[in-house]
Amino acid sequence: MSTRSSIVCYYDVVSPYSYYGVKLLNRYKTQWKDVDVELRPVFLAGVLSGSKNQAPANVAAKGAYMFKDLARVSAATGIPLKFPSNFPTMTVPASRLLVIIQKTESVATYEQCVEKEAYWAEDQDVGQQEILISALTPILGADKAAKYMQQTSEKEIKQQLIDNTNEAIDAGAFGAPTFIIKKAGSDKPHLFFGSDRFEVMASFLGLPYEGLAPQTSPAKL
Ligand SMILES: N[C@@H](CCC(=O)N[C@@H](CS)C(=O)NCC(=O)O)C(=O)O
């Protein structure tokens, strides 16, 4: 049991609301100094099938709503969005790569890679290995990006992504982003679903919440 509160954010690069979720969480993190935050990649399709749910885009009305809502969130938060030409793309290699980067690199480097806007703001199809490598090269360097890409076929890495996904399902996840919060001094997990739950999460943890674009957030995200 930890004396600090914690938030684990389960995300998948294929999920636009995860894209917003991780960026917003990293904004609030600067104000929520007494909370341990971790971003944990999952396979969203596995979470959806494991919870007998389905992707919003599979329900026509939800898909149409999502398209409009995503643009509104971008306008409200200042987080750039350009809906990708190839959606949904295959993000399993990207997620495995992020598993490796999380294990190997510093938290700051890992979070820079997670926050990369290649897919959701620059229309780069990160389902293609060469595009994924070149997207991460400015952060990792070309040699490491290529080396980590090769490691994505290792059994241990594949298993880690499966384990993350099963862990999220076992915690009650049915989509992404999913946040599991534990309050300081307690092991009891509390699940919050969606990038639009930050106000409620802040209230739950007794933390400050200054709206969608807090004053202390970096000017350019
Ligand atoms: N209202 C939520 C929507 C999140 C959402 O729709 N996430 C998708 C993936 S991008 C999902 O997993 N949906 C499952 C569901 O809606 O049941 C938000 O603003 O973040």
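Reader: Which residues touch the most other members of the largest nonpolar core?

Author: Of its 51 residues, they are Ile 7, Leu 25, Trp 32 and Ile 101. A nonpolar core is a set of buried Ala, Val, Leu, Ile, Met, Phe, Trp, Tyr and Cys residues joined through side-chain atoms within 4.5 Å. This is a predicted model, in which local features need pLDDT of at least 70 and side-chain atom pairs count only at pLDDT 80 or more, while totals for chains, interfaces and linings use all residues. Residues are numbered from 1 along each chain as its sequence is written, and side-chain values use heavy atoms, leaving out hydrogens and water.

Reader: What does Leu 25 touch, not counting residues up to four places away in sequence?

Author: Leu 25 touches Ile 7, Cys 9, Trp 32, Val 37, Leu 39, Phe 179 and Phe 198; contact means heavy atoms within 4.5 Å.

Reader: Why is Asn 26 called buried?

Author: Buried means under 20% relative accessible area, exposed over 50%, and partly exposed in between (1.4 Å probe, protein chains only). Asn 26 has a relative accessible area of 10%, and is therefore buried.

Reader: What makes the pair formed by Asn 53 and the ligand a polar contact?

Author: A polar contact is a pair of N or O atoms within 3.5 Å; within protein, one must be able to donate a hydrogen and the other to accept it, and residues adjacent in sequence count only if both atoms are side-chain atoms. A polar side-chain atom of Asn 53 lies 2.8 Å from an oxygen atom of the ligand, so the pair satisfies the distance limit. A polar backbone atom of Ser 195 is 2.6 Å from a ligand oxygen atom.
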